[in-house]
Amino acid sequence: MLRVATYNIRKSIGTDRRRRPERVLAVLRELDADVVAVQEVDRRFGDRSTALPPEVIAEETGYMPVRFGIRPESLGWHGNMLLVRRDTEVLSTQRIELPALEPRGAVLADLRVGGTAVRVIGMHLGLLGLWRKRQARAVLMCLEALEDPLPTVMMGDLNEWVMDGGCLKLFARHHHVAAPGPSFHSRRPMAALDRIITSLDLRVEAAGVHLSPKSRVASDHLPVWADIVPAGPTAAAERHHVAQSPLI
């Protein structure tokens, strides 16, 4: 079983408007996931330095960052980054450009976790519905273009307020879209903006929103998580059939 999670850390600024990366790290320890997609890990202006220093990650958690930043002080690509357990093997990484009026991107890594290979995409989609759909298509087209298929998990802050429409409808055509629950705003969760999506050869056994005294204050989003297992040979055959059909 693989536990994955996604967390928009808001540049480590909590609901009290104080930048406290140690609170984010405390929430990550509570989550105890194998892979975490992190959004808004870097500051927005200047040298785009990370709001979650790698040396502090190493000291305070059992994670290591998968680096995607193109600036020396950054960890993420347009704020997106992956955290994995230290014994995880990183097989390959890729930055994904997303169409947008504002800077947006996604990150992809092929990982070997506990002897099992899995493809993980972390993303933070835009505020406008039309552009979210275009960004979803860009992510799906990137996956379709890869030569070697792998069990895949896509997760992040999708900024989609509609429960089963918008960009979620595009993802759901050929994937499972989990609904862990409302994750925004952390003080009074009402919107399920943060989602976890899997290929058809994976099954979500359980999913939820991580609500604790620490997560309520560490960011304006609550992290969401899912426990994932292989779905079996029938689902694998279904995925092969889907792969032969048009994407969109």
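Helices (H or I, at least four residues) and strands (E, at least two) are DSSP runs, and their numbers count from the N terminus. With those labels in hand, you can find your way around this model, which is predicted.

**Stop 1: the loop between β9 and β10**

Select H185, which has its place in the loop between β9 and β10. Now look at the bond that leads into this residue: the peptide bond from F184 to H185 is cis, with omega near -5°. Most peptide bonds are trans, and most residues other than glycine have a negative phi.

Keep F184 on screen and add W161. How are their two rings set against each other? The ring centres of W161 and F184 lie 6.3 Å apart and the planes meet at 85°; planes over 60 degrees apart count as edge-to-face, so that is what this pair is. The count of aromatic pairs comes to 1. This pair joins distant parts of the chain, 23 residues apart: W161 is in the loop between β8 (152-157) and α4 (167-172), while F184 is in the loop between β9 (176-178) and β10 (194-198). Is W161 buried or exposed? W161 has a relative accessible area of 57%, and exposed means over 50%, so W161 is exposed.

**Stop 2: charges over rings**

Select W77 and R95 together. The charged end of R95 sits over the ring of W77, 5.3 Å from the ring centre. Then move to W131 and R134, where the charged end of R134 sits over the ring of W131, at 4.5 Å from its centre.

**Stop 3: the largest pocket**

Show the surface and look for the largest pocket, with a volume of about 660 Å³. The pocket is lined by 28 residues, and the closest to its centre are K11, E40, R44, H78 and H124. Which classes make up the lining? There are 12 charged, 9 polar and 7 nonpolar residues.

Stay with H78 for a moment. You will find H78 in the loop between β3 (63-66) and β4. Its backbone has a phi near 50°, a positive value in a residue other than glycine. H78 is partly exposed, at a relative accessible area of 34%.

Now select R10. Like H78, R10 is a residue other than glycine with a positive phi, near 55°. R10 has its place in the loop between β1 and α1, and with a relative accessible area of 27% it is partly exposed.

**Stop 4: helix α1**

Follow the chain to helix α1, residues 21-31. Why is this helix described as largely enclosed by the rest of the structure? Because 8 of its 11 residues are buried. To see them, select P21, R23, V24, L25, A26, V27, L28 and L31. Just after α1, D32 takes a positive phi of about 55°.

**Stop 5: the largest nonpolar core**

Hide the surface and select V4, V35, L82, L111, V153 and M155. These are the residues with the most contacts inside the largest nonpolar core, which has 22 residues. Elements giving two or more residues to this core are β1 (2-8), β2 (35-39), β4 (81-85), β6 (105-113), β7 (116-124), β8 and β12 (224-230). Which of the elements gives the most? It is β6, with 4 residues.

While you are on strand β6, pick out L108, which is found there. L108 is buried, with a relative accessible area of 2%. From its C-alpha atom to that of R119, 11 residues away along the chain, the separation is 7.1 Å.

**Stop 6: two last pairs**

Select L52, in the loop between β2 and α2 (54-60). Buried means under 20% relative accessible area, and L52 stands at 1%, so it counts as buried. Add L75: the two leucines are 23 residues apart in sequence, and their C-alpha atoms are 8.4 Å apart in space.

To finish, go to A206 in strand β11, residues 202-209. A206 has 31% relative accessibility, which makes it partly exposed. Draw a distance from here to R3: the C-alpha atoms of A206 and R3 are separated by 9.4 Å, although the two residues are 203 residues apart along the chain.

Key: Residues are numbered from 1 along each chain as its sequence is written. This is a predicted model: local features need pLDDT of at least 70, side-chain atom pairs count only at pLDDT 80 or more; totals for chains, interfaces and linings use all residues. Side-chain values use heavy atoms; hydrogens and water are left out. On a 1 Å grid over the protein atoms alone, a cavity is a set of points where a 1.4 Å probe fits but cannot get out, and a pocket is an open set with protein on both sides within 12 Å along at least five of seven lines; lining residues have an atom within 4 Å of a point. Grid points are joined across faces, edges and corners, and a volume is the space filled by probe spheres set on the points. Ala, Val, Leu, Ile, Met, Phe, Trp, Tyr, Cys and Pro count as nonpolar, Asp, Glu, Lys and Arg as charged, and the others, Gly among them, as polar. Rings of Phe, Tyr and Trp (its six-membered ring) pair if their centres lie within 6.5 Å; planes under 30 degrees apart count as stacked, over 60 as edge-to-face and the rest as tilted. Buried means under 20% relative accessible area, exposed over 50%, partly exposed in between (1.4 Å probe, protein chains only). A charge sits over a ring if NZ of Lys or CZ of Arg is within 6 Å of the ring centre and within 35 degrees of the ring normal. A nonpolar core is a set of buried Ala, Val, Leu, Ile, Met, Phe, Trp, Tyr and Cys residues joined through side-chain atoms within 4.5 Å.
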